[in-house]
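Hi,

Here is the structure I promised to pass on. Have a look at it first, and then read my notes underneath.

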Amino acid sequence: MTESQIGRLLAGLWSDLREPTILWQFGALALCLLVAWALGRQLQWRAPDDSTEAIKRGAAAFRRVVFPLLAMLLLIAGRMALRHWHGTNLLSVAVALFGALAGIRFAVYLLRLAFSNAAWLEAFERSIAILVWAVLALHLTGLLPEMVVWLSDVHLSMGRYNPSLWSLISTAFWIAMTLLLSLWAGAALEARLLRAESLHSSLRVVLARVARAGLLVAVVLVAMPLLGIDVTVLSVFGGALGVGLGLGLQKIASNYLSGFIILLDRSIRLGDVITADGHYGEVTRITTRYMVVRSLTGVEAIIPNDTLVTSTVLNHSYTDKRVRLAVRVQVAYRTDMPEALKVLAGVARSTARVLKEPEPVAQVVNLADSGVDLELGFWIEDPERGTQNVRSDVSVQLLAAFKASGIEIPFPQREVRLLGGEGHNN
């Protein structure tokens, strides 16, 4: 719709508002909106839980545009019905507004899908759509230029600067738009880097974080001079930020710096099994501030990066994921030791997760009071799946093998002697 068409439409609307027949248009508008709302409630299609992601997104988009589209179609029908008897400029303006609302809601939903990691966009999706639609409605009704003039006449005193309220609003708007663009570009670049299999996983994370932060800084530095803001004022902010980092934010800054160190030196990687700060488990996530360690019980520990850099970390899979485990058992002194050691090694070889190389080794480790202590050592290559369950499997098979071979597991015995004599009798 061109500006001349909008001007003629608004002129006709102001003319219709002076006529009593405008009540017919208001009645038709209210009736169309009521019917559109009722039909929209019935057409709130939701995809089943087992549907594909494309179908779910299509259903979500349909729910957002069904009411304004129905209202627009009904208003078009009402305008066609009334145009033979009355003016329909009010209905024409309403058709344009509800058509614009459908397009804006669909566009904002596409924007939300493009920024799938931005939770704030999902929370404010409807508010953003209403705000954009309100600005467009002011433009279509011719009220926007007058509002811009009024906002331009309101000035705020900010030291040497005396900006108008309109310049501040426009500046905030364009900075927000450029930030959204940079976030979208950063997310796309990060996704592309994370798919680069030729790079190490830690290096991919570092490059993605640095590229995203650098893109944001570049956009701000480019946008501010274009909007008439002196970039030198950032030096004051930079000095204040430096003082803040040196005093109250040093722990947070240390965590971020430690995160980049961990990602760059690759001492801890995704999938490693570590023991840090008293927590044992698999590393499932590495960020620039903390690391997530998931234990075998499903509990996730969030460990600050500064703790990982300044304390000792046991990485059970740093150079080799293979881990040696041991099961100890005691047999009686009369047991045939070579046979017992052979049975132990055979039990380990028959266990599913025990490696063939290095071979399981059974040894005599101690001559105790009640029997001979034996140790069965074996290796596994998947400690992230648990170690105690392997020991349990080996122990169960060991008891069965000893029972079948007649090997006795002793238990502590004590001999008590009662001493008596004639001198003790009265």
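Arg328 is exposed, with a relative accessible area of 58%. Here exposed means over 50% relative accessible area, buried means under 20%, and partly exposed is in between (1.4 Å probe, protein chains only). Its partner Glu375 is buried, at a relative accessible area of 14%. The side chains of Arg328 and Glu375 meet in a salt bridge, 3.2 Å from N to O. By salt bridge I mean a side-chain nitrogen of Lys or Arg within 4 Å of a carboxyl oxygen of Asp or Glu. Glu375 sits in strand S8 (residues 372-380) and Arg328 in strand S6 (residues 323-331), so the pair ties together parts that are 47 residues apart in sequence. The names of helices (H or I, at least four residues) and strands (E, at least two) come from DSSP runs, numbered from the N terminus.

Before you go further, this is a predicted model: local features need pLDDT of at least 70 and side-chain atom pairs count only at pLDDT 80 or more, while totals for chains, interfaces and linings use all residues. Residues are numbered from 1 along each chain as its sequence is written, and side-chain values use heavy atoms, with hydrogens and water left out.

Back to the charges. Side chains of opposite charge can pair when their charged atoms come close. The structure holds seven salt bridges. Another one of them joins Arg353 and Asp382, also with 3.2 Å from N to O. Arg353 lies in the loop between helix H13 (337-349) and strand S7 (361-367), and Asp382 in the loop between S8 and helix H14 (388-405), so this pair ties together parts that are 29 residues apart in sequence. Arg353 counts as buried at 15% relative accessibility, and Asp382 counts as buried at 11%. Asp382 also forms a salt bridge with Arg385, where the closest N and O atoms are 3.0 Å apart. Arg385 is exposed, with a relative accessible area of 53%. Finally, salt bridges that share partners join Arg324, Arg328 and Glu375 into one network.

Now for helix H2 (residues 22-42). At 1.5 Å a residue, its 21 residues should span 30 Å, and the end C-alpha atoms are 31 Å apart, which agrees. (The expected span is 1.5 Å times one less than the number of residues.) Which residues of H2 are buried? They are Ile22, Gln25, Ala28, Leu29, Cys32, Ala36 and Gly40. Seen down the axis of H2, they fall within an arc of 115°, so they line one face of the helix; the arc is that of the directions from the helix axis to the C-beta atoms. The face turned away from the buried side carries exposed residues, including Leu23, Trp24 and Arg41.

Leu31 is in H2 too, and at 53% relative accessibility Leu31 counts as exposed.

Last, the strands. S1 (residues 273-276) and S2 (residues 279-286) pair in the antiparallel sense over four bridges; two strands pair if DSSP finds at least two bridges between them. S1 and S2 form a hairpin with two residues between them, and Asp277 in the turn has a positive phi of about 55°. Four bridges also join S2 to S3 (residues 290-294), and these run antiparallel. A hairpin through three residues joins S2 to S3. Try finding Glu282 in S2: its bridge partner in S1 is Val273, and in S3 the bridge partner of Glu282 is Arg294.

Cheers

Key
The expected span of a helix is 1.5 Å times one less than its number of residues.
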